Amino acid sequence: MASSIGVVTDSTADLQPALQERYGLGMVPLIVNWDGQTFRDKLDLSTADFYHRLRTSKTLPKTGAPSLKAFETAFREQLEHHDAVICVNLAASLSATCGVAQRAAESVDRQRISVVDSGSVSICLGWLAEMAANLAQQGVERQAIVEKLEEARSRMRIFFLLETLEFLQRGGRIGRGAALAGTLLSVKPILSIRDGEVAPVERVRTMKGALRRLVELVVALGPIERLGVVDGDAAANTAEAERQFQARFPDLTIERGALGPVLGVHGGPGVVGVGILLAG
């Protein structure tokens with residue numbers, strides 16, 4: 001009999017609850033600290049409440065990795081039902097989360113737990129967690145699943161179109177000068193995350209032009225296996241992006257995701273994301 005494998009990820013995977021339930025995925029929440037209160041991402045602070053408050057708040061929340069105990073608990077819960085565990089986390093270069101998961105794996109049972117750095121965030125991280133769970137259900141061995149995840153990781157791209165540079169600047173992710181240059185022109189920056197690195201792609205003067213450019217950037221990548229748009233409190237613009245992608249990729253199902261609080265802290269409200277898995 002093949003050994004059974006449980007899958008754990010973190011809350012920045014922005015997983016749909018139905019998917020989480022179908023595969024019995026463990027989800028470890030990151031932390032949002034705001035005005036002296038500590039919230040567990042999505043559990044104590046819903047995405048809708050978060051954005052409503054963010055648009056009016058004078059203070060900016062801070063984000064933090066989950067505790068060691070949170071990962072240890074998730075791993076022990078999975079090991080009660082499974083022989084081994086695969087944990088897929090947001091890019092190690094962007095957060096301490098993956099490192100905490102590795103330490104928890106060593107303290108619980110490092111022979112039976114594999115920790116994988118997704119090199120990405122949001123919908124792309126969610127796809128890797130889903131892929132791991134799907135392969136585990138097919139009876140694929142743990143090491144083979146890890147290798148498949150690492151191969152898929154190299155084919156993932158994610159773009160974010162921001163309404164404003166203000167939140168990246170307030171959070172200390174970019175310098176004041178760069179933010180000021182952006183505000184003066186009120187440009188809409190497009191950023192990418194690839195192999196864990198955040199890089200500015202370009203700045204477009206209007207949101208309409210930026211959405212069009214976002215679609216062009218994706219089309220230029222070549223054949224695509226999966227495509228999803230991610231709504232960070234930007235319903236109308238996300239719907240417009242989805243419409244344009246569907247016109248350009250009529251044979252693909254355009255998936256939908258929501259950008260949760262932890263990522264929303266850094267991008268601010270009004271973010272349109274797009275995740276891409278290139279054809280293998």
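A residue counts as exposed when its relative accessible area is over 50%, and as buried when that area is under 20%. With these cut-offs, the surroundings of helix α10 can be described in this predicted model.

Helix α10 comprises the 14 residues 235–248, and because a rise of 1.5 Å a residue should give a span of 20 Å, the distance of 20 Å between its end C-alpha atoms agrees with expectation. Its buried residues are Thr-238, Ala-241, Gln-244 and Phe-245; they cover an arc of only 125 degrees around the axis, and therefore lie on the same side of α10. The other side of α10 carries the exposed residues Ala-236, Arg-243 and Ala-247. Among the elements that cover the buried residues of α10 are helix α9 (207–219) and the strands β11 (224–232), β12 (254–258) and β13 (271–278).

Strand β11 is itself largely enclosed by the rest of the structure, because seven of its nine residues are buried. Its pairing with two of the strands named above is set out in the table.

| Pair | Sense | Bridges | Residues standing opposite |
|---|---|---|---|
| β11 and β13 | antiparallel | eight bridges | Leu-227 and Ile-276 |
| β11 and β12 | parallel | five bridges | Gly-228 and Glu-255 |

Between the parallel strands β11 and β12, the chain crosses through α10, and this β-α-β crossover is right-handed. Helix α10 thus connects β11 to β12 along the chain, while both of these strands are also among the elements covering its buried residues.

Conventions:
Residues numbered from 1 in each chain as written. Predicted model: local features only at pLDDT ≥ 70, side-chain atom pairs only at ≥ 80, totals over all residues. Heavy atoms only, no water. Helix = DSSP H or I, 4+ residues; strand = E, 2+ residues; numbered from the N terminus. Expected span 1.5 Å × (residues − 1). Buried < 20%, exposed > 50% of the residue type's maximum accessible area, 1.4 Å probe, protein only. Arc of directions from axis to C-beta. Contact = heavy atoms within 4.5 Å. Pairing = 2+ DSSP bridges. Right-handed = clockwise from strand over helix to strand, strands pointing away.
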